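Work through the exercises below with the structure in view. Each task is followed by a solution in steps.

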There are 4 protein chains.
Amino acid sequence: MEMSEEIATTAGWREFGDDALSPPLRAALGVFARHGYHGASIRMIAEAAGLSVPGLYHHYRSKQAILAALVDTAMAEMLANTAAAADDAGDDPVTRFENVVECLARFHMARRDQAFVASTEMRSMEPEVRAHHVGQRDAQQEMIEDAIRAGVDSGDFACEFPEDAARAIASLCVSIANWYRPDGPLSADDVVCRHVEFARRLVGAAAR
Amino acid sequence: MEMSEEIATTAGWREFGDDALSPPLRAALGVFARHGYHGASIRMIAEAAGLSVPGLYHHYRSKQAILAALVDTAMAEMLANTAAAADDAGDDPVTRFENVVECLARFHMARRDQAFVASTEMRSMEPEVRAHHVGQRDAQQEMIEDAIRAGVDSGDFACEFPEDAARAIASLCVSIANWYRPDGPLSADDVVCRHVEFARRLVGAAAR
Amino acid sequence: MEMSEEIATTAGWREFGDDALSPPLRAALGVFARHGYHGASIRMIAEAAGLSVPGLYHHYRSKQAILAALVDTAMAEMLANTAAAADDAGDDPVTRFENVVECLARFHMARRDQAFVASTEMRSMEPEVRAHHVGQRDAQQEMIEDAIRAGVDSGDFACEFPEDAARAIASLCVSIANWYRPDGPLSADDVVCRHVEFARRLVGAAAR
Amino acid sequence: MEMSEEIATTAGWREFGDDALSPPLRAALGVFARHGYHGASIRMIAEAAGLSVPGLYHHYRSKQAILAALVDTAMAEMLANTAAAADDAGDDPVTRFENVVECLARFHMARRDQAFVASTEMRSMEPEVRAHHVGQRDAQQEMIEDAIRAGVDSGDFACEFPEDAARAIASLCVSIANWYRPDGPLSADDVVCRHVEFARRLVGAAAR
DNA sequence: GATGAATGAGCATTCATTCAT
DNA sequence: TATGAATGAATGCTCATTCAT
């Protein structure tokens with residue numbers, strides 16, 4: 001079965017291949033991750049991108065536009081893959097929930113810097129950009145909540161406060177981006193495995 | 001039994017009263033929380049503190065020194081209170097674990113801005129300051145891990161990876177500072193209650 | 001008698017028809033008039049002209065060349081028409097003087113922006129361009145002076161300082177470009193009528 | 001009779017002594033006059049003032065604030081002196097008119113650069129600054145108009161369009177700042193003398 | 001302690017201009 | 001001809017910090 005590189009299909013949600021970032025965007029990502037939005041200067045970004053300063057401005061209208069493009073790209077990819085992960089599960093609420101958690105965990109490892117910047121720089125976003133980002137965050141939260149509620153409804157989960165559990169699970173996955181290192185002691189599959197188990201416990205799924 | 005305001009005694013770990021912040025430090029806290037370290041200027045801080053710029057420098061040697069003082073104060077308080085919470089539990093490993101989690105949760109609500117700044121601005125700390133901070137973070141992590149291991153050893157917890165669970169619990173508590181609002185729908189006790197339950201589930205404590 | 005559109009003949013000096021400005025020049029004129037030479041950017045001009053930036057450079061070598069072309073075109077037209085106006089008067093010094101003033105007034109209404117830019121941006125001209133422009137200004141001044149002196153010689157004017165009077169009349173006409181609006185309360189003929197009368201009084205012409 | 005340096009009294013309106021400009025303002029005045037507002041850079045001004053760039057900003061909030069201060073100071077002085085000149089004339093409308101014109105002419109020589117910048121940089125003023133400036137210009141215009149109308153009412157002047165004559169006189173005086181040089185062939189008294197005579201002719205005053 | 005005045009270095013952004021395509 | 005991409009130098013302005021008073 002064919003799948004395009006960019007758009008996650010039902011089957012492809014586990015793979016986060018090459019980020020499709022333009023060179024300036026990739027350069028900015030590293031600089032933002034290391035120094036923060038306000039600690040990063042346009043000169044740093046231009047240098048990292050191998051461009052002159054006006055060369056960088058030729059591609060992006062402003063520093064804020066770079067942040068916006070970066071964050072939107074990442075969030076859109078996450079939402080698309082998470083939706084695919086949910087779809088891929090068919091009718092079983094438990095599998096659906098596990099898929100969503102796995103996808104979130106994988107995203108926060110594969111797109112570590114993007115996720116970190118997105119979660120860290122909300123306060124650096126101008127109102128319009130922030131509003132868009134918040135919308136995407138809410139959509140993600142809702143997907144988790146829906147998966148939990150489906151499990152509760154089916155009797156598979158024992159979870160009194162689905163909303164709080166969803167937030168806890170999201171926090172857990174987001175925080176992966178803070179500490180996970182590809183060359184660290186845990187493999188990506190280890191991390192996935194443990195976080196799916198954490199999530200199962202948080203929603204009171206029966207032991208497997 | 002009386003206790004001093006600042007130092008948590010065995011009994012007082014639940015109360016986070018007035019932060020003992022000097023006015024310039026309190027001003028800086030708000031500015032850092034809203035704008036981030038690099039987004040905050042000395043002028044903003046001085047103005048928020050009702051001081052002239054050199055007046056501010058009279059109290060603190062540099063912007064970095066302000067950040068260091070802010071973060072150290074907060075972490076020290078957290079460690080002291082968590083230690084008191086653990087001591088207060090006597091010999092029961094489950095109670096000890098629950099106390100530690102409760103204390104962490106309460107700290108991240110009562111010292112929301114401090115916790116947020118400390119967790120967010122690690123990359124803005126100069127090496128020495130960062131090293132000190134990392135030491136404090138590790139000490140906190142260890143207290144959680146110890147509490148988990150004690151419960152595992154006593155047979156109260158079913159937890160295969162205590163280190164990962166400790167990190168998960170810490171992440172959960174830290175993230176409270178991101179979303180909790182004193183005037184929000186959940187009371188502090190609600191938040192504590194839910195997070196203790198989340199933590200119990202994460203370590204596989206038997207249902208109460 | 002037919003006349004070409006561009007070159008004022010003895011009879012046509014009252015009509016300032018379509019300025020023969022190329023589209024980029026016309027665009028630049030508006031931008032220079034609104035923002036001044038230094039406040040205008042090549043990008044503004046290119047956009048106003050519906051051209052790309054290099055497209056604009058295809059037509060004009062530099063921003064300075066645009067200014068030079070604009071100003072020279074306007075001054076040349078003014079000089080040609082003023083000469084025609086003087087010629088058109090035949091031998092009567094009073095009529096000749098009145099024609100010159102009328103022509104100047106009409107020019108500063110019909111070519112408001114050009115006149116404004118020319119008078120305002122002398123300091124923005126590079127030496128060579130400025131020298132050329134100053135030559136044109138002097139030629140204009142001389143035409144007024146000559147007309148005055150002829151009237152003085154014939155006994156029609158009572159004017160002690162023809163040079164100063166000529167400068168005053170020129171200032172008066174130039175300043176029309178600052179305030180005249182085609183849709184304002186005064187018609188072009190009103191303005192002409194009043195300024196011819198002002199000029200007559202300045203040179204001490206006998207009342208008509 | 002005593003008079004302060006700054007405030008023109010009834011007797012002192014002919015003297016424009018030391019402009020009371022602060023050093024940065026005086027420096028800015030020269031740079032604005034030579035290069036225009038947009039052609040002048042903050043660095044030029046700072047250098048001319050013998051200050052560093054932030055040193056300049058210590059005194060003035062922005063480039064625009066410098067322009068505003070410069071223009072307001074000049075216009076206020078002009079208005080005060082013109083009012084004093086009118087008052088000084090007692091009840092004679094002709095003298096009052098002559099005094100007003102003389103004062104205007106003297107101002108545009110003594111405050112050549114200020115007047116030039118004020119008249120030239122209207123388009124560089126931000127709306128609020130411009131509105132204030134326009135108010136001052138209108139006040140000046142009105143003083144001339146009032147003087148003319150008084151002379152018309154008394155039968156001393158034969159002037160059909162006082163408003164247009166007032167504008168012409170103002171234009172004439174303003175334009176002095178364009179060409180007058182203290183070391184030129186005409187003394188200040190020469191210039192005053194000629195312009196008062198020009199103004200008298202423009203309003204149709206009887207020959208003296 | 002506080003303040004007014006100052007500064008070198010840096011900020012995001014834009015400038016006029018060029019050149020390969 | 002027109003364009004997309006690029007650039008060195010400059011723009012107005014702010015930074016953290018210092019110091020004489």
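**Exercise 1: how the copies meet**

Task: state through which surface the copies meet.

Solution. 100% of the interface residues of chain B are also interface residues in chain A, so the copies meet through the same surface; contact here means heavy atoms within 4.5 Å. This is a predicted model, in which local features need pLDDT of at least 70 and side-chain atom pairs count only at pLDDT 80 or more, while totals for chains, interfaces and linings use all residues. Residues are numbered from 1 along each chain as its sequence is written, chains are lettered from A and ligands numbered from 1 in the order in which they are written, and side-chain values use heavy atoms, with hydrogens and water left out.

**Exercise 2: the relation of two chains**

Task: find which turn and shift lay chain B on chain A.

Solution. A turn of 180° with a shift of 0.0 Å along the axis lays chain B on chain A with an RMSD of 0.1 Å (least-squares superposition on C-alpha atoms of residues with pLDDT of at least 70 in both). That is the relation of a two-fold axis.

**Exercise 3: the surroundings of DNA strand F**

Task: describe the residues near DNA strand F and their polar contacts.

Solution. Step one: 31 residues surround DNA strand F, the closest including A:Ser52 and D:Tyr57 (near means a heavy atom within 4 Å). Step two: a backbone N or O atom of B:Ala40 lies 3.1 Å from a phosphate oxygen of the strand, and a polar backbone atom of D:Ile42 is 2.8 Å from a phosphate oxygen (polar contacts pair N or O atoms within 3.5 Å).

Notes: Polar contact = N/O pair within 3.5 Å; in protein donor to acceptor, adjacent residues only side chain to side chain.
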